Amino acid sequence: MDPINIGDMRALARRRLPRMLYDYLDGGTHDELTLGTNLEDFDRLRFVPPVLQDVSRIDLATTIFGERLSMPLILGPVGSLGVLSRLGDIATARAAEACGITSCLSTTAVSSVEDVCAARKEPIWFQLYVMNEPGHHEHLIQRAKAVNCKALVLTVDSAISAQRDRDMRHGYTHTGQVKLSNIADMITRLDWIRDVLLGPRLNFGSMPGGKNNYKRIMSKAGGGLIAKDLTWDTFRDIRAKWDGPLVLKGVMTPRDAVKAVECGADGIVVSNHGGRQLDGAISSIMALAPIVDAVNERAVVMLDSGIRRGQHVVKALAMGAKACLIGRGYAYGLAARGQAGVEQSIEIFRKEMTMTMGMLGCRSIGELRRELLHTGDWQF
Ligand SMILES: Cc1cc2nc3c(=O)[nH]c(=O)nc-3n(C[C@H](O)[C@H](O)[C@H](O)COP(=O)(O)O)c2cc1C
């Protein structure tokens, strides 16, 4: 199948991955209410298109933290990409570069920040989890600085380890025990076996425990890895240690967004972690407008969670976001086809965004505005 949209990429990923890993990527917390709401609310929000605008030239380019991007789309931090595709973190960063955008490496990536940065010319962003390990995050900040990471993204919605029912059923992460039924399924995925299982030994390049920490980290993934005692003081302390753009990811209320700005955040990602943390939380698109208004241009407001179409990106930008991050929207492509799959996914977004902008009479990102959305029956 030649994928024409991200739904097709998802189907291809499902075919290539062992079911346990597909569910790790695709799933959300508990009843997956927020996972569903993220998608439904994007679709519920409708455009109001003007006509007779000259749309013979449409330019998606934008600038975020002084960096020119060919479009306002960023490949967000997704942990364990190297389990979906052995060099997945590097493939992702390279695909972003090839398409003129940027990517953010997760603390729980398989490849190290040094290896990923060495694989591309322009620096990437680095996502920081503060782990339950004294001195660890300070050390990671130093490592990210040493390889010139462009921005530091502190994720703050994950202090409590989520229960993802699909993972529980497979025995993935919490017990570290792969069930017999999963092994039976795994041996049918020959491409994945060749790439990941028979590839170099897995290791989390930025996690505590040094070389060969994979099993140890996985057995702790059910809880206790990420620090639970973070406060605004932690954020201020990290602000003091990082000179470059600092982004807070996982903000869902205007009050927290304003607090983040007051504590020195340069950017905010409105995010519910793609429905993988608090089940029952509102969608990120629903949370966006009041946050944009409260921040009032004092920081770069971005959004993720639920983006599967270029139309979704355009809706978020029209509502006031400056850029969108995607997670599954590119990770399906990676799982299906490696770097080529990520590039194909990015180009699918570009094509859908260009078409949607044209149909809205917009020639540049700056022309997107809230009046292009039907917000009358949309509750903030
Ligand atoms: C499999 C998976 C792993 C993730 N790992 C991380 C992570 O390590 N750090 C982080 O800040 N966010 C992580 N996220 C959340 C993403 O950065 C992003 O917020 C989310 O995927 C956006 O929702 P979407 O998948 O609907 O685009 C992960 C998401 C997925 C799907």
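In this predicted model, an oxygen atom of the ligand lies 2.6 Å from an N or O atom in the side chain of D304, and the protein covers 98% of the 590 Å² of accessible area that the ligand has on its own. Two further side chains place an N or O atom at a comparable kind of position: for T155 the partner is an oxygen atom of the ligand, at 2.7 Å, whereas for Q127 the partner is a nitrogen atom of the ligand, at 3.1 Å. The ligand is surrounded by 22 residues, the closest of which are P77, S106, T155, D304 and G306. Sorted by class, this shell consists of six nonpolar, 11 polar and five charged residues.

Two loop residues, T108 and S80, are linked by a contact. T108 is situated in the loop that runs between β5 (102-105) and α6 (113-118), and with a relative accessible area of 17% it is classed as buried, because the limit for that class is under 20%. When neighbours within four places in sequence are set aside, T108 is in contact with G79, S80, Y129, F204 and M207. Of these partners, S80 belongs to the loop between β4 (73-75) and α4 (81-84) and is likewise buried, its relative accessible area being 6%. The backbone of S80 has a positive phi of about 60°, although the residue is not a glycine.

The loop between α2 and α3 holds T29, a buried residue with a relative accessible area of 2%. Leaving aside neighbours within four places in sequence, the contacts of T29 are with A162, Q163, R164, G275, R276, Q277 and D279. E32 also lies in the loop between α2 (19-26) and α3 (33-44), and for E32 phi is near 60°, a positive value in a residue other than glycine.

Helix α13, which spans residues 254-262, has A257, V258, A260 and V261 as its buried residues. Viewed down the axis of α13, these buried residues fall within an arc of 155°, and they therefore line one face of the helix. R255 and E262, by contrast, are exposed on the other side of α13. The cover over the buried residues of α13 is contributed by elements that include the helices α12 (232-241) and α14 (284-295) together with the strands β8 (246-251) and β9 (267-270). Just after α13, the chain passes through G264, which takes a positive phi of about 100°.

An exposed position is provided by L190, a residue of helix α10 (residues 190-197). The relative accessibility of L190 is 51%, and L190 therefore counts as exposed, the class being defined by a value over 50%. Along the chain, L190 and P18 are 172 residues apart, yet their C-alpha atoms are separated by 9.7 Å.

Technical notes. Residues are numbered from 1 along each chain as its sequence is written. This is a predicted model: local features need pLDDT of at least 70, side-chain atom pairs count only at pLDDT 80 or more; totals for chains, interfaces and linings use all residues. Side-chain values use heavy atoms; hydrogens and water are left out. A residue is near a molecule or strand if one of its heavy atoms lies within 4 Å of it. A polar contact is a pair of N or O atoms within 3.5 Å; within protein, one must be able to donate a hydrogen and the other to accept it, and residues adjacent in sequence count only if both atoms are side-chain atoms. Accessible areas come from the Shrake-Rupley method with a 1.4 Å probe; for residues, only the protein chains shown count as cover. Ala, Val, Leu, Ile, Met, Phe, Trp, Tyr, Cys and Pro count as nonpolar, Asp, Glu, Lys and Arg as charged, and the others, Gly among them, as polar. Buried means under 20% relative accessible area, exposed over 50%, partly exposed in between (1.4 Å probe, protein chains only). Helices (H or I, at least four residues) and strands (E, at least two) are DSSP runs, numbered from the N terminus. The arc is that of the directions from the helix axis to the C-beta atoms. Contact means heavy atoms within 4.5 Å.
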